[in-house]
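Me: I would like to learn how to read the features of a model one by one, with the general idea given before each case. Could we begin with contacts between charged side chains?

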Amino acid sequence: MRKLSAHWVPRLLTLDQKRVRTNISNALLAQFRCNKSVLWRRLITVDETWIHHYTPETKIQSKQWTAKGKPAPKKAKTVLSAGKVMVTVFWDSHGVILIYYHQKGKTITGAYYASLLDKLKAELVEKRPHLQKKKILFHQDNAQSHTSAVAMAKIPELRFELLDHPSYSPDLAPSNFFLFPHLKIALGGQEIFVK
């Protein structure tokens with residue numbers, strides 16, 4: 001017998017939530033298997049994250065070459081800056097389409113998010129002209145601003161097809177395991193200033 005620490009998860013799912021999660025995942029997998037190339041060309045996803053004005057380098061990023069027998073260089077420990085900004089990133093398999101830096105103290109409401117969707121549509125005309133006559137497969141999480149009546153009405157108006165996202169499933173949001181970790185590593189040791 002051994003003693004183990006519990007694995008922390010954002011929320012314990014009920015049986016119904018697990019069933020819905022499985023059904024949605026299977027439906028998305030079936031859609032993917034039907035036509036992979038079309039799915040990847042039409043899929044756009046969105047998410048928000050906090051970006052600190054200063055992100056210290058990771059231990060790996062601060063490694064330096066030294067001659068054999070020389071002591072390791074010393075470096076003072078630094079911490080994330082108190083200043084930070086919320087960013088919304090819209091992206092697809094070709095890269096970032098739109099990054100929007102939110103004003104300090106600005107709450108992301110349904111109407112505000114719907115205005116961001118209009119900005120996304122304008123960027124798509126310029127950056128993804130091949131999608132003009134195709135229905136966009138749009139993925140977002142279940143944040144309150146995303147699922148508000150105003151935002152949900154805007155999605156079909158823009159001719160987007162909304163993909164389902166199970167409740168309390170941040171591990172199924174591509175931004176959380178693919179985009180944001182790489183973004184934050186790239187920002188290591190950098191100072192950013194946002195107006």
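Me: How do the side chains of Asp92 and Arg128 meet?

Reply: The general idea is a salt bridge, which is counted when a side-chain nitrogen of Lys or Arg lies within 4 Å of a carboxyl oxygen of Asp or Glu. Asp92 and Arg128 meet in such a bridge, at 2.8 Å from N to O. Asp92 belongs to strand 2 (residues 84-92) and Arg128 to the loop between helix 3 (110-127) and strand 4 (136-139), so the pair ties together parts that are 36 residues apart in sequence. Helices (H or I, at least four residues) and strands (E, at least two) are DSSP runs, numbered from the N terminus. Please keep in mind that the model is predicted, so that local features need pLDDT of at least 70 and side-chain atom pairs count only at pLDDT 80 or more, while totals for chains, interfaces and linings use all residues. Residues are numbered from 1 along each chain as its sequence is written, and side-chain values use heavy atoms, with hydrogens and water left out.

Me: Are Asp92 and Arg128 buried or exposed?

Reply: A residue is called buried under 20% relative accessible area, exposed over 50%, and partly exposed in between (1.4 Å probe, protein chains only). Asp92 and Arg128 are both buried. Over the whole protein of 195 residues, 31% count as buried.

Me: How many salt bridges does the structure hold, and which residue forms one with Asp118 at 3.1 Å?

Reply: There are six salt bridges in the structure. Asp118 is bridged by Lys154, with the closest N and O atoms 3.1 Å apart. Since Lys154 lies in helix 4 and Asp118 in helix 3, the pair ties together parts that are 36 residues apart in sequence. Lys154 is buried, because its relative accessible area is 12%, whereas Asp118, at 33%, counts as partly exposed. Asp118, Lys154 and Glu157 are joined into one network by salt bridges that share partners.

Me: Where do Arg19 and Asp16 lie?

Reply: Arg19 and Asp16 are both in helix 1 (residues 15-34), three residues apart, which is about one turn of the helix. Their salt bridge has its closest N and O atoms 2.7 Å apart. Asp16 counts as exposed at 51% relative accessibility, while Arg19, at 44%, counts as partly exposed.

Me: Let us turn to empty space. How much space lies in the largest pocket?

Reply: Rolling a probe the size of a water molecule over the atoms shows where empty space is left. On a 1 Å grid over the protein atoms alone, a cavity is a set of points where a 1.4 Å probe fits but cannot get out, whereas a pocket is an open set with protein on both sides within 12 Å along at least five of seven lines, and lining residues have an atom within 4 Å of a point. A volume is the space filled by probe spheres set on the points, which are joined across faces, edges and corners. The largest pocket holds about 650 Å³. Its lining has 23 residues, of which Leu28, Trp40, Leu43, Leu172 and Pro174 are the closest to its centre. Helix 1 gives the largest share of this lining, six residues, and at least two residues each come from helix 1, helix 2 (36-42), strand 1 (43-52), strand 2 and helix 5. By class, the lining of the largest pocket has 15 nonpolar, six polar and two charged residues, where Ala, Val, Leu, Ile, Met, Phe, Trp, Tyr, Cys and Pro count as nonpolar, Asp, Glu, Lys and Arg as charged, and the others, Gly among them, as polar.

Me: Which residues line the largest cavity?

Reply: The largest cavity is lined by Lys121, Leu124, Leu131, Gln132, Lys134, Ile136 and Arg159, and it contains about 40 Å³ of space. A search of the whole structure finds one cavity of 30 Å³ or more. Arg159 deserves a further look, with a phi near 65 degrees, a positive value in a residue other than glycine. Arg159 sits in the loop between helix 4 (149-157) and strand 5 (160-162), and counts as partly exposed at 45% relative accessibility.
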